[in-house]
Amino acid sequence: MDKYQEQPHLLDSHLEWMMHLLLDIVQDNRSPSSLVHLAFKFFYIITKVRGYKIFLRLFPHEVADLQPVLDMIAVQNPKDYETWETRYMLLLWLSMTCLIPFDLARLDGNILSEEGCTRMPIMDRILNVAKSYLVVSDKARDAAAVLVSRFIIRPDVKQKRMADFLDWALSTLSNSSFQTMEGTVVMDGMLQALAQLFKHGKRDDCLPYASTVLECLDNCKLSESNQTLLRKLGVKLVQRLGLTFLKPKVAKWRYQRGCRSLAANLQFSAQVPVVQNLVIAAADEEEYDIPGEVENVIEQLLIGLKDKDTIVRWSAAKGIGRITGRLPKELADDVVGSLLDCFSFQETDNSWHGGCLALAELGRRGLLLPSRITDVVPVILKALTYDEKRGACSVGSNVRDAACYVCWAFARAYDPLELKPFVNQISSALVIAAVFDRDINCRRAASGTFPHGIDIVTAADYFAVGNRVNCFLNISVIRELSTKALHNLAPQIPEYMTNVVLPRLLPLAVGTDLHTRHGAILASIMLEYFYLQHFLNDLIAFFSPAVCTLIEKLSLSKMPFREDPIIDGWQWLINDSLRSLPLVSSTARQQIKEAAVSALAALCNEYYINEQREASPALQGELLQQYISELQNTEEMIRCGFSLALGALPRFLLKGKLQQVLEGLKKVICISHKDVSFAESRRDGLKATAKVCQTVGVKRNGPQDEFVCKDNVVQIYTMLLSGMSDYTTDSRGDVGAWVREAAMTSLMEVTLLLVQNDPELLDANICKQIMCCVAQQSAEKIDRFRAHAGSVFLSLLNFDNPPIPHIPHREELERIFPRSEAVTLNWNAPSQAFPRITQLLGLPAYQYYVLLGLTVSVGGLTETTVRYSAQSLFDYMKKIQNDLGAMNNFCETLLQVFEDNLLNDRVSVPLLKMLDQMLANGCFDIFTAEENHPFSLKLLTLCKEEIKKSKDIQKLRSSIAVFCGMIQFQGDMRKKVLFQLFLLLCHPFPVIRKTTASQVYEMLITYSDIVDPDILDEVMTVLSDTDWDAELPLVREKRNYLCDLMKVPKPQLVSKVEFGVLL
């Protein structure tokens, strides 16, 4: 059902048949209770997606339905945590059935039972049900509030029970404290019920009680609570009380622009060319006294606008809009004035954000008159650039986002003539925000706010401004990214940069503010760099490919320049083009590389070979020495260029120098500490190695300085295979994937070269390494590189001219990957790739590598990849579930993968996520019956080692889930697992303590046999009611109490605590 979340109305045509199908189960007395609960769970899922207000209308609500629904609720257990959906739906159903248009007393009949005892009237039964569920801790509390709002306002109930209910609710509210978990739950239920009651009840019925409720609410001091939901409900109830005090009428003085219907607007504008937007005078308004309580309500809502949580501020803003719409013009203007006081620079960012939300609400409702726009626009312009430093960071992105919302609301609320004086200011501020705001939400909000300007909206659309680098560098043709953007603007307005921008930057470069000084210095350097380099770079980017192409064509045309000095000039031009690669853009860089390498190959073939088909020893030595030395250049792009240049050299220039060239390329390919980020040079080094091998050819017993032979084949494969383990990441992402892709291609090219010339050079170990490494890549998470790996894997497997020898499990592989499906198999699609690749887990030679690749896929972030890889893994586990030997082999491999990658977050974090899923899916059920199984003990040891002294929140959370899953293993394991979980209950990070408590709570619900039933409720209460955010000594006391209850050894605090680790 989740796929309907964005457009739930698409379900409407299916709701009726789904409801009838489930009701048949619910209303059948023969249905087992588990099936009934399951039906109600499905009811809840539908309700969650479509909303109860729509779905509830379809439920049967005749007189005959009231008693059965009431009886079903009566037999429910409010403490059964697994069936809360049943209680939630029954309460909602009861809220519909209680609307029957008959006095409920008529349904009681003879209220004397057969035993002579008086039965409780239906009215009281329903009220008691509502009261009992208003204080529960699950979602049934929300449904009980809905029930109250519909039941109490019935004419018969209103007369007899409304006053008593309000007395009960207010006394319960007064006697509860938000300092405890139980008090918070009770107050939440009362506030929801009161808010719903004053929302749906008639004003005349609610008005007599409004003052009392407001006084009680003031005494509760909810604004001091640290519970966000309570503060939000308090604000919601306050605004409902304010609306009760005021008469329900639409302000005649409001600003009106057209109709809500687009068709009506178009029709009206066609009839009347010029539409006069009027602010209707309030002269004919009915005069009546505004109750004094309204001032208190508005004051509380203005305070709510400054709350620390957004949902509270948003509720207060809506309340300000609703109440202002019922006030006289003069009082409404006073509210606007008070609202503008929120925008003082003495106020916090919360106040600014709440003020913006309220202004937008007033504008949308036509309650902010054009006369006030002159006061509001300057405030909004300041809000669009609001940024306040807080220590090492700054806040204000929410204020800027809300300011964009105000602009959006104003553009749709006012006639263009009203906003015309301010359009330039507002649009300029929005363009700057859309392009240069550092927060992605603000850039997108600003880009979607323009009421007109198609060109601007097209250039700065929602997705274009989402990428910060794209936004600063590309959309703007203007600290680090800002200076590059300024550099991009310089060629458009060089005179302005020289005369205006640079003089303003220089004083800032020596100012007192560290961040401003840093940014100004970078910007000044960038502008100077532009003046020095811009025109030179343009010349290089434009002329280098053309010059190299000219050299190539002249060489191919065999122009008579042999031994002419001009050849040295051509060689210098090619070399200089390769050295200039760091100075040009990435697009021009690729063109220059390709042109220079092609020109070099043509030049060498034509002018460097003598009549004996050899090269001059001096020229050969000088050229190779020069090129190999450039492979260690500090500029990565120069390494790339000269690596590819070596790969393009003809055989006669490599003759006798092959080992020297391979050693040079080996230094490029190997990762060292100083050049770990040079992934592109390693990629091109691998490509060059394969090209060199193809150029020199294969000769089994030939000299290693001239051929690929038995003496250097292992060295070559070692170089190529090293690229398969490159997982370097930087700001661009997994750049190591470029290296792995090049390594796979190069391995395939060299292997096919050897098998076509001398297959005996390929030994079994090399073939196994190649196939296993490629299989690992074909199980990993990035679609494009997985597809490339799959293509290479099948190319090696299916090559038959002649077949590649020593491929492990060839017959099984050909059965898994039939040749007939090699073309149609889409490796890019996880749904097609993973069901095939997981079958390799059953082949011993591939099991370790495929499992290693699957780990990062199953524990990854991409939804489709995770879904299909996990499902394929679980399908494989089901097949071997009853095969003890296969399970033991798989688990040994799994533990080996874990052990080999301890503290390697690239593998270990996804591995923990994968283990969590496997434990939850019962993949190790065959071992859970055996006490202290070696697999579980070893897994626990590795998990403890992995998280030791870790500060990684994601890793710690994943480990908690794994520990909770391991509780299913029998024996001493349970005590050891609980000990680890109780250690984490006192972790220095509050979020880890809360996560642990929550997951242990769920674990105890799932595995109820862990704890003695006599103490289960007490353990659950401690876990749920303890404030795990509190100071560690308080938390430790609660944790030790749990240890005593569950008879688990208490962790001892050692004298030296390093990062809060207890031993």
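This tour moves from the whole chain to two pairs of packed helices.

The model is predicted, so that local features need pLDDT of at least 70 and side-chain atom pairs count only at pLDDT 80 or more, while totals for chains, interfaces and linings use all residues. Residues are numbered from 1 along each chain as its sequence is written, and side-chain values use heavy atoms, with hydrogens and water left out.

Begin with the whole protein, which holds 50 helices and two strands; helices (H or I, at least four residues) and strands (E, at least two) are DSSP runs, numbered from the N terminus. Of its 1063 residues, 49% count as buried, meaning under 20% relative accessible area with a 1.4 Å probe, protein chains only.

Next select helix α10 (residues 203–220) and helix α13 (residues 293–304), whose axes come within 11 Å and cross at roughly 40°; axes are lines fitted to C-alpha atoms, for helices over the stretch in contact, with angles from 0 to 180 degrees between N-to-C directions. Show Ser211, Leu214 and Asp218 of α10 together with Glu293, Asn296, Val297 and Gln300 of α13, which make the contact, defined as heavy atoms within 4.5 Å.

Then move to helix α14 (residues 310–324) and helix α16 (residues 349–364), where the axes come within 8 Å and cross at roughly 35°. On the α14 side, the residues to display include Trp314, Ala317 and Gly321, and on the α16 side they include His353, Gly354 and Leu357. By class, this contact of α14 with α16 has six nonpolar, six polar and three charged residues, where Ala, Val, Leu, Ile, Met, Phe, Trp, Tyr, Cys and Pro count as nonpolar, Asp, Glu, Lys and Arg as charged, and the others, Gly among them, as polar.

Technical notes
Buried < 20%, exposed > 50% of the residue type's maximum accessible area, 1.4 Å probe, protein only.
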